[in-house]
Amino acid sequence: MVHRPGRHAVLAREFPRLQPAVRRSSLYGAPAVDGVTVKASVDGPLDGRGRETPDPASVPRELTREEIEKVTDSVAEFFPGLTPAIVRSDAFPDLFTEDRHPLLGWLDENSRVYCATGFSGKGFKMATGYGHIAAHEALGKQTIEGLDFVRPDRFKSR
């Protein structure tokens, strides 16, 4: 989405992460680093994309006409100061666990594999915090307590 010329600059301090919602639609976004465009997307799956797939390569990367219309209509509704024109679009698979919490930690107590995945819906917003934890733990610097809700071994009893 492009910021209309003549309006104040789209900067993080003036235009923080956004997430308005109404019953018929919702949207999330953040200013792009170029200071001119905004990353925006409707919240939730588009055009039936919210289904499991055995092959991530099979997820369509191009937006359909209906998806483009849904995004531009939502931007026009929620942010009349933005020009609702898509400058670039991408579609990628989301990675969710059964309980919607990411996996962060050693696969088991004797593992040499540190797992950090399943962050969809939380990853980008929490990346610096999760990255700090993963780096400290994987390098053996510190074990962070109180994170049982993200530890891979929480699924062992199932």
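Trp106 is partly exposed, having a relative accessible area of 34%. In this predicted model, the ring of Trp106 meets that of Tyr114, a residue that counts as buried at 17% relative accessibility. The two ring centres lie 5.1 Å apart with the planes at 90 degrees, so the pair is edge-to-face.

The structure holds three aromatic pairs in total. Another of them joins Phe78 and Phe79 in a tilted arrangement, with 6.4 Å from centre to centre and 55 degrees between the planes. Phe78 is buried, with a relative accessible area of 17%, and Phe79 counts as buried at 17% relative accessibility.

Charged side chains form a further group of contacts. Side chains of opposite charge can pair when their charged atoms come close. A search of the whole structure finds two salt bridges, listed below.

| Salt bridge | N to O distance |
|---|---|
| Asp99 and Arg154 | 2.7 Å |
| Glu137 and Arg151 | 2.7 Å |

Asp99 lies in the loop between β4 (82–83) and β5 (103–106), whereas Arg154 belongs to the segment after α2 (123–138), so their pairing ties together parts that are 55 residues apart in sequence. Within this bridge, Asp99 is partly exposed, with a relative accessible area of 24%, while Arg154 counts as buried at 15% relative accessibility.

Glu137 sits in helix α2 and Arg151 in the segment after α2; the bridge therefore links parts that are 14 residues apart in sequence. Both Glu137 and Arg151 are buried.

Key:
Residues numbered from 1 in each chain as written. Predicted model: local features only at pLDDT ≥ 70, side-chain atom pairs only at ≥ 80, totals over all residues. Heavy atoms only, no water. Phe/Tyr/Trp six-rings, centres within 6.5 Å; stacked < 30°, edge-to-face > 60°. Buried < 20%, exposed > 50% of the residue type's maximum accessible area, 1.4 Å probe, protein only. Salt bridge = Lys/Arg side-chain N within 4 Å of Asp/Glu carboxyl O. Helix = DSSP H or I, 4+ residues; strand = E, 2+ residues; numbered from the N terminus.
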